[in-house]
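Got the viewer open and a selection box ready? Let's walk through this one stop by stop, picking a residue or an element each time and looking at what surrounds it.

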Amino acid sequence: MSEQTGMAGTTRGGAAAPRSNRGIRAPSHTRRRVLALGSGVAAVGVAAGAGYLLYQPSHDRQLVYARVSDAMKEVDRLHAASAQPIAPATAWSWSQTLKHCAQSIEFSLAGFPEPKSAVFQHTAGAAAFGLFAWRGRMSHNLAEPIPGAPALTAPTADASAALARLKAAVTAFELHPGPLHPHFAYGMLSRSQYEHAHAMHLANHLSAFDARIAR
């Protein structure tokens with residue numbers, strides 16, 4: 001009789017034999033989480049190198065929206081409650097922020113005035129969008145204008161015109177039947193990706209505002 005018994009996992013003397021991990025695979029959901037984490041870490045490195053993650057505003061509310069319609073509900077709530085900026089999260093006023101967000105949506109329909117190079121869009125830009133979509137939140141400088149966009153006008157106490165412009169841009173985006181223009185940094189995006197990009201952009205800016213506190 002050989003030193004090993006006929007029972008797998010034991011040796012002569014009854015001691016348990018060490019089991020080999022060869023051929024044993026982790027559950028599929030675990031593998032997916034590891035792959036997603038690895039992709040996220042890689043994207044962090046590229047996006048950070050492009051300057052996307054260098055700006056981390058303090059005291060923002062870290063709102064998360066996947067759809068523009070959900071973000072617009074918060075826009076209406078803040079507007080009705082006389083939105084106030086949360087310092088030092090943003091240097092822009094409520095009216096300027098609404099105009100900036102309207103510009104971003106308008107340019108996705110008409111074309112961005114100064115897109116970054118195709119190489120940037122396919123590398124750092126694509127990595128940044130991948131990271132933002134993976135974690136569900138965008139992080140960018142809230143006082144940085146869109147390259148080539150007309151300068152924002154001075155802050156106004158009445159932001160009704162800016163709100164109307166943003167709502168018109170959102171409606172145009174929702175009804176637009178044709179292809180969308182490449183994002184100036186992220187490059188080509190599908191409609192669902194653009195929806196998410198606009199929602200995350202709005203969430204990032206809205207996180208820097210809150211309702212006026214009655215005194």
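Select phenylalanine 112 to begin: in this predicted model, its relative accessible area is 9%, so it counts as buried. Now add phenylalanine 184 to the selection. The two ring centres are 5.5 Å apart and the planes meet at 50°, so this is a tilted pair. Where do the two rings come from? Phenylalanine 112 is in the loop between helix 3 and helix 4 (118–135), while phenylalanine 184 is in the loop between helix 5 (160–175) and helix 6 (191–206), so the pair ties together parts that are 72 residues apart in sequence. Phenylalanine 184 is buried too, like phenylalanine 112.

Keep those two shown and add phenylalanine 107. At 14% relative accessibility, phenylalanine 107 is buried. With all three on screen you have a cluster: ring pairs link Phe107, Phe112 and Phe184. If you'd like to hunt for other ring pairs, the whole structure holds four aromatic pairs. One of them joins phenylalanine 107 and phenylalanine 112, whose centres are 5.5 Å apart with planes at 50°, so that pair is tilted.

While you're looking at rings, try two charged side chains. Select lysine 116 and phenylalanine 120: the charged end of the lysine sits over the ring, 5.0 Å from its centre. Then jump to arginine 191 and phenylalanine 173, where the charged end of the arginine sits over the ring at 5.2 Å from the centre.

Now colour helix 6. From its first C-alpha to its last, helix 6 reaches 22 Å over 16 residues, close to the 22 Å expected at 1.5 Å a residue. How many of its residues are buried? The count is 13 of 16, so to speak of helix 6 as mostly covered is fair.

Next stop, serine 95. You'll find serine 95 in helix 3 (residues 94–110). Is serine 95 buried or exposed? Its relative accessibility is 1%, so it counts as buried. Show side chains here and look for serine 93: the side chains of serine 95 and serine 93 make a polar contact at 3.1 Å. Then expand the selection around serine 95, skipping neighbours within four places in sequence, and you pick up contacts with Pro155, Thr156, Ala159 and Ala162.

Shift the focus to serine 93 itself. Serine 93 belongs to the loop between strand 1 (84–85) and helix 3. This serine is also buried, because its relative accessible area is 16% and the cut-off for buried is under 20%. Expanding around serine 93 in the same way, again without neighbours within four places in sequence, gives contacts with Pro155 and Phe209. Pro155 therefore turns up in the contacts of serine 95 as well as those of serine 93.

Over to leucine 163, in helix 5. Its relative accessible area of 10% makes leucine 163 buried. Draw a distance from its C-alpha to that of threonine 97: you should get 9.7 Å for two residues 66 apart along the chain. Beyond neighbours within four places in sequence, leucine 163 is in contact with Val75, Asp76, His79 and Leu98.

Now select helix 2 (68–80). Its 13 residues should span 18 Å at 1.5 Å a residue, and the end C-alpha atoms are 18 Å apart, which agrees. Which residues of helix 2 are buried? Highlight Val68, Ala71, Met72, Glu74, Val75 and Leu78. They cover an arc of only 155° around the axis, which puts them on the same side of helix 2. Spin to the other side and you'll see Lys73 and Ala80, which are exposed. Spin back to see what the buried residues pack against: helix 3, helix 5, helix 6 and strand 2 (209–210).

Finish with two backbone checks. Serine 82 follows helix 2 and has a positive phi, near 55°. Serine 82 lies in the loop between helix 2 and strand 1, and at 36% relative accessibility it counts as partly exposed. The other stop is glutamine 62, in the loop between helix 1 (28–49) and helix 2. Glutamine 62 also has a positive phi, about 50°, although it is not a glycine. With a relative accessible area of 51%, glutamine 62 is exposed.

How values were computed:
Residues are numbered from 1 along each chain as its sequence is written. This is a predicted model: local features need pLDDT of at least 70, side-chain atom pairs count only at pLDDT 80 or more; totals for chains, interfaces and linings use all residues. Side-chain values use heavy atoms; hydrogens and water are left out. Helices (H or I, at least four residues) and strands (E, at least two) are DSSP runs, numbered from the N terminus. Buried means under 20% relative accessible area, exposed over 50%, partly exposed in between (1.4 Å probe, protein chains only). A polar contact is a pair of N or O atoms within 3.5 Å; within protein, one must be able to donate a hydrogen and the other to accept it, and residues adjacent in sequence count only if both atoms are side-chain atoms. Contact means heavy atoms within 4.5 Å. Rings of Phe, Tyr and Trp (its six-membered ring) pair if their centres lie within 6.5 Å; planes under 30 degrees apart count as stacked, over 60 as edge-to-face and the rest as tilted. A charge sits over a ring if NZ of Lys or CZ of Arg is within 6 Å of the ring centre and within 35 degrees of the ring normal. The expected span of a helix is 1.5 Å times one less than its number of residues. The arc is that of the directions from the helix axis to the C-beta atoms.
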